[in-house]
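Dear colleague,

I am passing on the structure we spoke about, with the sequence beside it. Please look it over before reading my notes.

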Amino acid sequence: MTTLATDILFSREIIHRRVGELALQISRDYQGRDLLVVGILKGAFIFMADLIRALGVPCRVDFVRLTSYGEGCVSSGTVRLTKDLETPIAGRDLLIVEDILDTGCTLSRLTDILGEREPASLKVCAFLDKPERRIVPFTADYIGFTIPDAFVVGYGLDLDEKYRYLPDVCVLRDIDGQGEG
Ligand code: PRP
């Protein structure tokens, strides 16, 4: 059986500070606008909860969920919307909030789908960005941290639904064969 250790990559204090910076930037950009924050379930729920509470502008919230089928994302059917918005978005200022931008398949597909509904504006805030893993070109408007290609968990991110509750972002390390001390 594989034994995994969690090494802290970004502590809760560092995360708190960075989320505050992002919130300040977003608040300036959306002053006087009609902001709808859209979270992508499940991973984004913790980041989104912290981000919107740090905003200095009012917003409303909604959520979507997408599921990937198979490897890659060459066809639009590879990533499907399994939970849609409950809010009409035509004419609204949309900010999509994501926990991690990896291959780019999810955000590329979602921005296509939501863009067709003619929002007034559409931007993306990704807590983490792993540019080395990109399959489809995609650039987020706001990024918390850019990270290398390591498997990270915590602060909403999971491995088989485990570790989402961790308050720090951690890298998983295989400690098999290193003995039990
Ligand atoms: C993960 C993550 C992002 C997406 C990013 O979601 O939360 O939504 O993958 O990957 P991409 O850029 O390669 O598309 P996942 O499907 O694991 O669901 P979860 O959020 O429920 O963990």
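Below is a short account of the overall fold, the surface and one sheet.

Please bear in mind throughout that this is a predicted model. The protein chain holds 3 helices and 9 strands, and, read from the N terminus, these elements follow one another as β-α-β-α-β-β-β-α-β-β-β-β.

As for overall dimensions, the C-alpha trace spans about 60 × 40 × 25 Å along its principal axes. The radius of gyration of the protein chain is 17 Å, which agrees with a compact globule, because a globule of 181 residues would be expected to have a value near 16 Å. Of these 181 residues, 43% count as buried, and among the contacts between residues at least 6 apart in sequence, 66% join residues that are at least 24 apart.

Turning to the surface, the protein chain exposes about 9600 Å², of which carbon and sulfur atoms supply 51%. There are 21 positive and 28 negative side chains, and the centres of these two sets lie 4 Å apart.

One open sheet deserves a closer description: 3 strands form it in the order 1-9-8, with antiparallel pairing. Its edges are strand 1 (4-10) and strand 8 (152-153), each of which pairs on one side only. Strand 1 pairs with strand 9 (residues 169-174) in the antiparallel sense over 6 bridges, and Asp 7 stands opposite Val 171 in strand 9. In general, the strands of a sheet pair through backbone hydrogen bonds, in either a parallel or an antiparallel manner.

With best wishes

Methods:
Residues are numbered from 1 along each chain as its sequence is written. This is a predicted model: local features need pLDDT of at least 70, side-chain atom pairs count only at pLDDT 80 or more; totals for chains, interfaces and linings use all residues. Side-chain values use heavy atoms; hydrogens and water are left out. Helices (H or I, at least four residues) and strands (E, at least two) are DSSP runs, numbered from the N terminus. The radius of gyration is taken over C-alpha atoms; the globule rule is 2.2 Å times the number of residues to the power 0.38. Buried means under 20% relative accessible area, exposed over 50%, partly exposed in between (1.4 Å probe, protein chains only). Contact means heavy atoms within 4.5 Å. Accessible areas come from the Shrake-Rupley method with a 1.4 Å probe; for residues, only the protein chains shown count as cover. Lys and Arg count as positive and Asp and Glu as negative; His and the chain ends are not counted. The place of a charge is taken as NZ of Lys, CZ of Arg, CG of Asp or CD of Glu. Two strands pair if DSSP finds at least two bridges between them.
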